[in-house]
Amino acid sequence: MDQIKEMEAFYIGIDIGTTATKAICFDVHGNVIRQVSQSYEMYHPKPNWSVQNPQEILETVLNCITEITKGIRPEFISFSSAMQSIIAIDETGKPLTEAILWADNRAIGIAEQLKKSEKGKHFYNKTGIPIHPFSPITKIAWFKEFDSEVFSKTYKFISIKEYVWNYLTGEYVTDTSMASGTGLLNIHTLQWDDEVLDYLNIKIEQLSKICDVTHQCKGISDDFLYIIGGGDGALANLGTGAMNKNCMALTIGTSGAVRLPIEKPYLDEHMRTQCYHLMDNQYLTLGAVNNGAIILQWLRETLLKTDKSFEILFSAAEKIPAGSEGLLFVPYLLGERAPIWDASAQGTILGMQITHTQSHLVRSTLEGILFGLFQITEILLPDPEKRKQTKVMASGGFGKSELWLQMVADIFQMTVETSQTIEGSAWGAVLIGVKSLGMDISTENKTGKTFVPNAVHKKVYEEAFAKFKKVYPVLKDL
């Protein structure tokens, strides 16, 4: 799709995701005019390690910028990015490490020890980030303990977004949205926390300067106006219109999350939820899972070993009854974040019988991913009546599957709406750019399709979900 016309104003949102970077060009009405996407690899050089090549991602972003700007000069380019990556760099900006991702569990021992301590709970109450190897606080602590050579040489610890931003602008800055996911930022003051830095034995100069999501800078070589934007989760809320108390954002990409907008920091007494800042008095309380669509990719490539497209697999799975005829999949293949926060958790397929087929496995995988996300929703919205009054705003790649969206409505027993802009994070980045420039464009969210709960499926999913919640506690010690 390419509808470029002369003299029109264009706005570009770039979403640096875990498995791909997407660049999307919007017009003044929020319509998608052009989009490009390029993927890259996640590597696992050792058990529990999940890394990427920073230069590979940088080159991908630059390629996307080149492609998306062919024949046009945008008003600005604004960024969304996956969160919780960390790269150690030297004084020249050269990476000393790979980009260590949210899915990297090498710091599991450090995280478990800190999590059980009073210091760990104290840090959670200051940062809003549960102690778990996904967060940069534990990753940096791992380098301090197990790789002193890299730790001593590190000029700065930065995210992949900061690495890209520095290349484009020459600045080392990070926005409060990205910083609030690190476990290093005090969620109450929106500044790097001195106690956390002392624990890590790093100086404030080893972290980027904190700025607002509306921070802007001209490019060094291309003279484009760049807006720093925010983290993909918060921007998905903004981009899908889920920034009022009657909306909950649900995103499923490689991983997944449910997020509720709030007006001040919220901390869970059991340390099950996260808290992010977006801008001004806009915060999010949320829970993120490791095991999103990446589990479907694993299922197709590793277990089923099939070349069938997801569309074909989903079409066959749609013929399987709700509840997958007793087949239950607890998809903790990458450990799990919310709500159990156990990096050593493992996946479980329960109730398998000789009558179950490939399609049962596909449907139970879709259901299992959603059960994990609904378990978080029960914490964020414990009152069933409140859930009925709250809409689910769906975004991410899963929003293209009507089967999966109807499953959300049936399992959550909530109305689900999609945005006409499925890539909510990129549109959210554009809305941040609009605010940064004080521009006046239509920011009204355009609703796509609506899915309402199927009452026939309510009981079967309630029973399957009750069983789902029992599996991990029962099998944990085994």
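Hi everyone, let's start with a pair of charged side chains: Arg 363 and Glu 367 form a salt bridge, and their closest N and O atoms are 3.1 Å apart. Both residues sit in helix α12, four residues apart, which is about one turn of the helix. Both of them are also buried. Elsewhere, salt bridges that share partners tie Arg 73, Lys 218 and Asp 223 into one network. Before I go on, please keep in mind that this is a predicted model.

Let's stay with α12 for a moment. Which helix does α12 cross at roughly 75°? That is α16, residues 455–475, and the two axes come within 10 Å. With that angle, α12 is roughly perpendicular to α16. If you look at who meets whom, Arg 363 and Glu 367 turn up again on the α12 side, along with Gly 368, Phe 371, Gly 372, Phe 374, Gln 375 and Glu 378. Their counterparts in α16 are Tyr 461, Ala 464, Phe 465, Phe 468 and Lys 469.

Now, more on salt bridges. Side chains of opposite charge can pair when their charged atoms come close. In this model the count comes to 16 salt bridges. One of them joins Lys 126 to Glu 195, with the closest N and O atoms 2.7 Å apart. This pair links distant parts of the chain: Lys 126 is in helix α3, residues 118–127, while Glu 195 is in helix α8, and 69 residues separate them. Is Lys 126 buried or exposed? Lys 126 is buried, because its relative accessible area is 15% and the cut-off for buried is under 20%. Its partner Glu 195 is partly exposed, at 38%.

Another salt bridge pairs Arg 272 with Asp 268, and here the closest N and O atoms are 3.0 Å apart. Arg 272 is partly exposed, with a relative accessible area of 28%, whereas Asp 268 is buried at 5%.

Next, a second pair of crossing helices. The axes of α9, residues 232–240, and α15, residues 424–437, come within 7 Å and cross at roughly 80°. So α9 is roughly perpendicular to α15. On the α9 side, the residues in contact are Asp 232, Leu 235, Ala 236, Leu 238, Gly 239 and Thr 240. They meet Gly 424, Ser 425, Trp 427, Gly 428, Ala 429, Leu 431 and Ile 432 in α15.

Let me turn to helix α14, residues 402–412. How many of its eleven residues are buried? Nine are, so α14 is largely enclosed by the rest of the structure. Among the buried ones you will find Leu 403, Trp 404, Met 407, Asp 410 and Phe 412. Just after this helix, Gln 413 takes a positive phi of about 55°.

That brings me to backbone geometry. Most residues other than glycine have a negative phi, and most peptide bonds are trans. Asn 201 has a positive phi, near 60°. You can find Asn 201 in the loop between α8 and β12, and Asn 201 is exposed, with a relative accessible area of 56%. Trp 341 also has a positive phi, about 50°. Trp 341 lies in the loop between β19 and β20, and at 3% relative accessibility it counts as buried.

That β19–β20 loop also holds Pro 339. What kind of peptide bond joins Ala 338 and Pro 339? It is a cis bond, with omega at about -5°.

Another loop residue to click on is Asn 291, between β18 and α10. Asn 291 is buried, at 1% relative accessibility. Leaving out residues up to four places away in sequence, Asn 291 touches Thr 254, Pro 331, Tyr 332, Leu 333, Leu 334, Gly 335, Glu 336 and Ile 369. The C-alpha atoms of Asn 291 and Val 330 are separated by 9.7 Å, and these two are 39 residues apart along the chain.

Finally, let's go out to the surface. Which residues form a nonpolar patch there? Leu 303, Ile 349 and Met 352 do, with about 260 Å² of accessible area together. Met 352 sits in the loop between β20 and α12, and α12 is the helix that carries Arg 363 and Glu 367. Thanks for listening, and please spin the model around yourselves!

How values were computed. Residues are numbered from 1 along each chain as its sequence is written. This is a predicted model: local features need pLDDT of at least 70, side-chain atom pairs count only at pLDDT 80 or more; totals for chains, interfaces and linings use all residues. Side-chain values use heavy atoms; hydrogens and water are left out. Patches are made of residues with over 30% relative accessible area and no salt bridge: like charges are joined within 9 Å, nonpolar side chains (Val, Leu, Ile, Met, Phe, Trp, Tyr) within 5 Å. Accessible areas come from the Shrake-Rupley method with a 1.4 Å probe; for residues, only the protein chains shown count as cover. A salt bridge is a side-chain nitrogen of Lys or Arg within 4 Å of a carboxyl oxygen of Asp or Glu. Helices (H or I, at least four residues) and strands (E, at least two) are DSSP runs, numbered from the N terminus. Buried means under 20% relative accessible area, exposed over 50%, partly exposed in between (1.4 Å probe, protein chains only). Axes are lines fitted to C-alpha atoms, for helices over the stretch in contact, and angles run from 0 to 180 degrees between N-to-C directions. Angles under 35 degrees count as roughly parallel, over 145 as roughly antiparallel, 65 to 115 as roughly perpendicular and the rest as oblique. Contact means heavy atoms within 4.5 Å.
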